[in-house]
Amino acid sequence: MMENKNPAKFSHLLQVQPEDIDMMGHVNNVVYLRWVQEVATAHWNYAAPDNLKSRYLWVVLRHEIDYLRPAFLTDQIQGFTWVGAHQGAKFDRFVTLYRAGSDQLLAQAKTTWCLLDAATMRPKRIDPDILAIL
C-alpha cells in the first residue's frame, strides 16, 4: 500500500476510548477498521453537499489493512484519506492512521467502495460531480 501523509488530503482526528483497548493493553485490530470507515465517512460528510448525500450511499466491498504499530488509551489518532482509481460505481480509498503529533504510522488501509443510488439501492456510476468533490 502507498503511504501518503500529504497535508492537502482530508484529515480527521480520533480519540482512543477505554472500550477500544483489548486484553493485550492496546487498541483492538477491529477498532482500526472502524476508524478507517469513520475517516472515510467524515470526508464524505465534509465534502458532499446535502443534495448528493441524500441521493447516494456508499457501501464497502473490500478492505485491505496493514497493522504497523499499536495504539494505546492515551493516544489521539490522526487519520488521512484520499481517493484513488475509480471504475463504474467503484473506487479505491486510502486511509493512513498516525499517532497524532508524530510521524508514527500505526496502520494503513485500501478500501474499495461502491456508490449506490439511495432510492433504488442499486450501484450507480460515479459521475464527474462526485469525483470533483473527492
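**Entry 1: Tyr32 and its contacts**

I started at Tyr32 in this predicted model and listed what this residue touches, leaving aside residues up to four places away in sequence: Val27, Ile65, Tyr67, Arg69, Pro70, Ala71, Leu97, Leu106 and Ala107. I then looked up its exposure and found Tyr32 buried, with a relative accessible area of 2%, which falls under the 20% limit for that class.

**Entry 2: the nonpolar cores**

I next looked at the largest nonpolar core, which has 15 residues, and noted that Tyr32 is among those touching the most other members, together with Leu14, Val27, Trp35, Ala71, Ile77 and Leu97. Helix H1 (29–47), strand S4 (90–99) and strand S5 (105–117) each supply at least two residues of this core, and H1 gives the most, with five residues. I also recorded a second, separate core of eleven residues, which includes Leu52, Tyr56, Trp58 and Ile126.

**Entry 3: aromatic pairs**

I counted seven aromatic pairs in the model. For Tyr32 and Trp35 I noted ring centres 5.4 Å apart and planes at 65°, so I entered this pair as edge-to-face, since planes over 60 degrees apart fall in that class. Both residues lie in helix H1, three residues apart, which is about one turn of the helix. Trp35, like Tyr32, counts as buried, at 1% relative accessibility for Trp35 and 2% for Tyr32. With Tyr67 these two residues form one aromatic cluster, and Tyr67 is also on the contact list of Tyr32.

I then turned to Trp82 and Phe94, whose ring centres are 5.7 Å apart with planes at 15°, so this pair is stacked. Trp82 lies in strand S3 (residues 76–87) and Phe94 in strand S4, so the pair ties together parts that are twelve residues apart in sequence. Both Trp82 and Phe94 are buried.

**Entry 4: the largest pocket**

Finally I looked up the largest pocket, which holds about 180 Å³ of space. Its lining is made up of Gln37, Ala40, Thr41, Trp44, Lys53, Tyr56, Leu57, Trp58, Phe91, Arg93, Trp113 and Leu134, and by class I recorded eight nonpolar, two polar and two charged residues. Helix H1, strand S2 (56–67) and strand S4 each supply at least two residues of this lining, with the largest share, four residues, coming from H1. I noted that Tyr56 and Trp58 appear in the pocket lining and also in the second core, while H1 gives the most residues to the largest core and the largest share to the pocket lining.

Definitions and conventions:
Residues are numbered from 1 along each chain as its sequence is written. This is a predicted model: local features need pLDDT of at least 70, side-chain atom pairs count only at pLDDT 80 or more; totals for chains, interfaces and linings use all residues. Side-chain values use heavy atoms; hydrogens and water are left out. On a 1 Å grid over the protein atoms alone, a cavity is a set of points where a 1.4 Å probe fits but cannot get out, and a pocket is an open set with protein on both sides within 12 Å along at least five of seven lines; lining residues have an atom within 4 Å of a point. Grid points are joined across faces, edges and corners, and a volume is the space filled by probe spheres set on the points. Ala, Val, Leu, Ile, Met, Phe, Trp, Tyr, Cys and Pro count as nonpolar, Asp, Glu, Lys and Arg as charged, and the others, Gly among them, as polar. A nonpolar core is a set of buried Ala, Val, Leu, Ile, Met, Phe, Trp, Tyr and Cys residues joined through side-chain atoms within 4.5 Å. Buried means under 20% relative accessible area, exposed over 50%, partly exposed in between (1.4 Å probe, protein chains only). Contact means heavy atoms within 4.5 Å. Rings of Phe, Tyr and Trp (its six-membered ring) pair if their centres lie within 6.5 Å; planes under 30 degrees apart count as stacked, over 60 as edge-to-face and the rest as tilted.
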